[in-house]
Amino acid sequence: MSGSAVDVRRAGERFYTRLGWLDSRHSFSFGSHFDPANTGHGLLVVSNDDRVRAGTGFRTHPHQDMEIVTWVLDGELEHKDSDGHSGVIYPGLAQRMSAGTGIWHSEMNPRRDADVHFVQMWVLPDTERVRPGYEQLDLNAQLASGTLVPVASGRGDAAAISIRQTGAALWAGRLGPGTAVAVPDAPFVHLFVARGGAELEGAGSLAEGDAVRLTRAGGRRLVADAVKGAEVLIWETT
């Protein structure tokens, strides 16, 4: 396909921020880490793989004009914001915050005995200066099917939560050993292996923390590791 590309990014190649309370690996430029050639893929501009120590976290800080989706892998993350929303995010709970005209929020690990491990992803909105919003929904029953589940979308897809971007959708899958799925076909696809491992057609073996950036590369077959299986997060955008 003309102009197509398959770009494998290994876990160890990501930008890395380490603080006393935080280990964060960034798929794209973030904070003090800046590479003009790595500022996003399609409409996805942040994908941070974070581990936050027990009893600590991101204290109240602002956001504006961004669709922010958080996916917890282990532990719990407590959200509070200036619009009065609060809740504890746990594995399998899809959560979205639309920053819009501006919102302040905190993300803290309420546990005293365990870290929280989560992936936070930011997508550019298709309309700016809108009223901030918040949405969450438990997807554990759907994830038990072992297939790809529509998590967040601005175009329908029967997704659990909506985002203000008609050109983007997020899929998640908890794939059992040897399970095969079809990766969505879109102009830009970002596949992140959050757990386990997998084999992607045309890209080879992928380990935990690896990602693949597909550009006009067509739909491809993904097979979860024969022993460990895989948990994957897949964005498709225009």
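These are my notes on one pocket and two residues of a predicted model.

I number residues from 1 along each chain as its sequence is written, and for side-chain values I use heavy atoms, with hydrogens and water left out. As the model is predicted, local features need pLDDT of at least 70 and side-chain atom pairs count only at pLDDT 80 or more, while totals for chains, interfaces and linings use all residues.

**Pocket**

I looked up the largest pocket (an open set of points on a 1 Å grid over the protein atoms alone, where a 1.4 Å probe fits, with protein on both sides within 12 Å along at least five of seven lines), and I noted a volume of about 210 Å³, counted as the space filled by probe spheres set on the points. Its lining has 16 residues, with L22, F30, N48, D50 and F58 nearest the centre; a lining residue has an atom within 4 Å of a point.

**Q95**

I found Q95 in strand 9, residues 93-98, where a strand is a DSSP run of E with at least two residues. Q95 counts as buried because its relative accessibility is 3%, and buried means under 20% with a 1.4 Å probe, protein chains only. I also noted a polar contact (N or O atoms within 3.5 Å, one able to donate a hydrogen and the other to accept it) between the side chains of Q95 and Y134, at 3.4 Å.

**G84**

I found G84 in the loop between strand 7 (77-81) and strand 8 (86-89). G84 counts as exposed because its relative accessibility is 59%, and exposed means over 50%.

Terms used
Helices (H or I, at least four residues) and strands (E, at least two) are DSSP runs, numbered from the N terminus.
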